[in-house]
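User: I'm new to this one and would like a quick tour. Could you take me through it step by step?

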Amino acid sequence: MSMPALPRFGMGTAAIGNLYRAVGDDAALATVASALAAGIGYFDTAPHYGFGLAERRLGAALAAHDPAGGARVSTKVGRRLVPCAARGTRHGFVDADPFEPVFDYSAEGIRASFGDSLARLRRARVDLLFAHDLGRLTHGDDHPRHLAAFLDGGHGAMLELQRSGAVGGIGIGVNEIAVCDEVLDHIDLDVILLAGRYTLLDRSAARLLDRCAERGVRVIIGGPYNSGILAADPEAVDPAALHYDYAAPDAAIVARTRALAAACRAVGVALPAAALHFPLRHPAVACVVAGLVGIDQVAAMVARIATPVPEPAWAALDPSAPAQRPEETMNQLILLHPDDNVMICVAPIAAGDVLPIGGGTVPAREGITVGHKLARVPLSPGDKVIKYGAPIGSMTAAAATGEWVHMHNMKSDYIASHTRATVTETRA
């Protein structure tokens, strides 16, 4: 079975699995029906989304509004759903179905998970199947074990499903860049679904996308709004309601978002429209998937799809276009005050990334997530940590230049001086 053609845009279904807030069945079904009517014919889902709830709702909606099976569907494997009595909010999902997700990338686990997904989706096959959430940032010390289970067993099971015609293309669906490289070092993939790592705010996947283009691996970009912060003009949103990378954004991220929004306004385009179109500027990107819930969000996405982004906007928002190289992508670190002895990670860092810090460059020894502090100079246990020009705590362990800072907090990071202008160290 050959890799299916992909539309330029698709709908993610985590929200109709009650991510962050409960959504009624009627609203979930109306969302899918509205998307279909508007011409959005690709839907990405997963057992993890509401612990089966998103797949059930998508299956019911497609059975009612797409009985001929014209819509394209992708789902994921890597978690088995085990019955449990728990309700309430779990893993970010509110009042989801009574199952607990258990990671299982073995061949047996993949086959069992896929069979359960087909039953919930009311389909005999899916167009794409992804191994979900591999990676060290997700699994920590268990990462080697899970990756080995996938490479030694789960991937073979996915190939068998593809050869049988039950699956079109196969790949991985992740939030982490490093694991994409690890997997591609061992096996071929048809497609990668990468969430949140190639957006207006986070362009850290540029080098990976170049590799995918060379290898003929298609890429689907999820999370083009970086968990919502790019989905509206930040000036019109309560700062407390903003999310970036599944968490509350820090002041630096909010400031950069406001700068992007101002650049968009200057050329007459809305920030969300630019955010939705941006990933497609890379030749490896075949499709962009945005999470939707409610007919109003469907209508907004359709309008954004139809909005042309003028070239002057890209010149302002993406000065390295058309050919982004790793050394030309946005800085991953920001210096908040000239007297600080730490810098703040504002875009995910993968092990081996070259970091401009301390007046030179150093390679990152490990993956580092947004919001964490890195030593600008060598620090010893007990040294004061200086941020915004003021001490905020003391070191609990030594850190070389460029290493992750471990500290005791002395007071809140968010002090009155946070409004000072920032100074960014640029790449050499």
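Analyst: Sure, and one term first: two strands pair if DSSP finds at least two bridges between them. Keep in mind that this is a predicted model.

User: What is the radius of gyration of the protein chain?
Analyst: The chain has 428 residues, and a compact globule of that length would have a radius of gyration near 22 Å. The value for this chain agrees with that expectation. Along its principal axes, the C-alpha trace spans about 65 × 50 × 45 Å. The radius of gyration is 22 Å.

User: How many helices and strands are there in the protein chain, and what percentage of its residues count as buried?
Analyst: For the secondary structure, the tally is 11 helices and 20 strands. Burial here means under 20% relative accessible area. Out of 428 residues, the share that counts as buried is 54%.

User: Among contacts between residues at least 6 apart in sequence, what percentage join residues at least 24 apart?
Analyst: Take the contacts in the protein chain whose two residues are at least 6 apart in sequence. The part of them joining residues at least 24 apart comes to 70%.

User: Is strand β19 largely enclosed or left open by the rest of the structure?
Analyst: Strand β19 covers residues 390-395. Five of its six residues are buried, so the rest of the structure leaves β19 largely enclosed.

User: Which strands pair with β19?
Analyst: Strand β18 (residues 384-387) runs antiparallel to β19, and four bridges join them. One of the matched pairs there is K384 with S394. β19 also pairs in the antiparallel sense with residues 407-409, over three bridges. That gives β18 and β20.

User: Which residue stands opposite G393 in β20?
Analyst: β19 and β20 are antiparallel partners. Across from G393, the residue in β20 is N409.

User: Which residue takes a positive phi in the hairpin of β18 and β19?
Analyst: Most residues other than glycine have a negative phi. This hairpin has two residues between the strands, and one residue in the hairpin has a positive phi near 55°. That residue is Y388.

User: Where are H91 and D245 found?
Analyst: H91 has a positive phi near 55° and is a residue other than glycine. D245 is not a glycine either, yet its phi is positive, at about 55°. H91 is in the loop between β5 and β6, while D245 is in the loop between β11 and α8.

User: Is D245 buried, partly exposed or exposed?
Analyst: A residue under 20% relative accessible area is buried, and one over 50% is exposed. D245 has a relative accessible area of 23%, so D245 is partly exposed.

User: And is D104 buried or exposed?
Analyst: D104 is found in the loop between β7 (99-103) and α3 (107-121). Leaving aside residues up to four places away in sequence, D104 touches G78, R79, R80, G109 and I110. Its relative accessibility is 16%, so D104 counts as buried.

User: Which strands stand at the edges of the sheet β13-β14-β17?
Analyst: This is an open sheet of three strands with antiparallel pairing. Two of them have a single partner strand each, so one side of each is left without a neighbour in the sheet. Those edge strands are β13 (333-334) and β17 (373-375).

User: Which residue stands opposite I334 in β14?
Analyst: β13 and β14 (residues 342-345) pair in the antiparallel sense over two bridges. In β14, the residue opposite I334 is I344.

How values were computed
Residues are numbered from 1 along each chain as its sequence is written. This is a predicted model: local features need pLDDT of at least 70, side-chain atom pairs count only at pLDDT 80 or more; totals for chains, interfaces and linings use all residues. Side-chain values use heavy atoms; hydrogens and water are left out. The radius of gyration is taken over C-alpha atoms; the globule rule is 2.2 Å times the number of residues to the power 0.38. Buried means under 20% relative accessible area, exposed over 50%, partly exposed in between (1.4 Å probe, protein chains only). Contact means heavy atoms within 4.5 Å.
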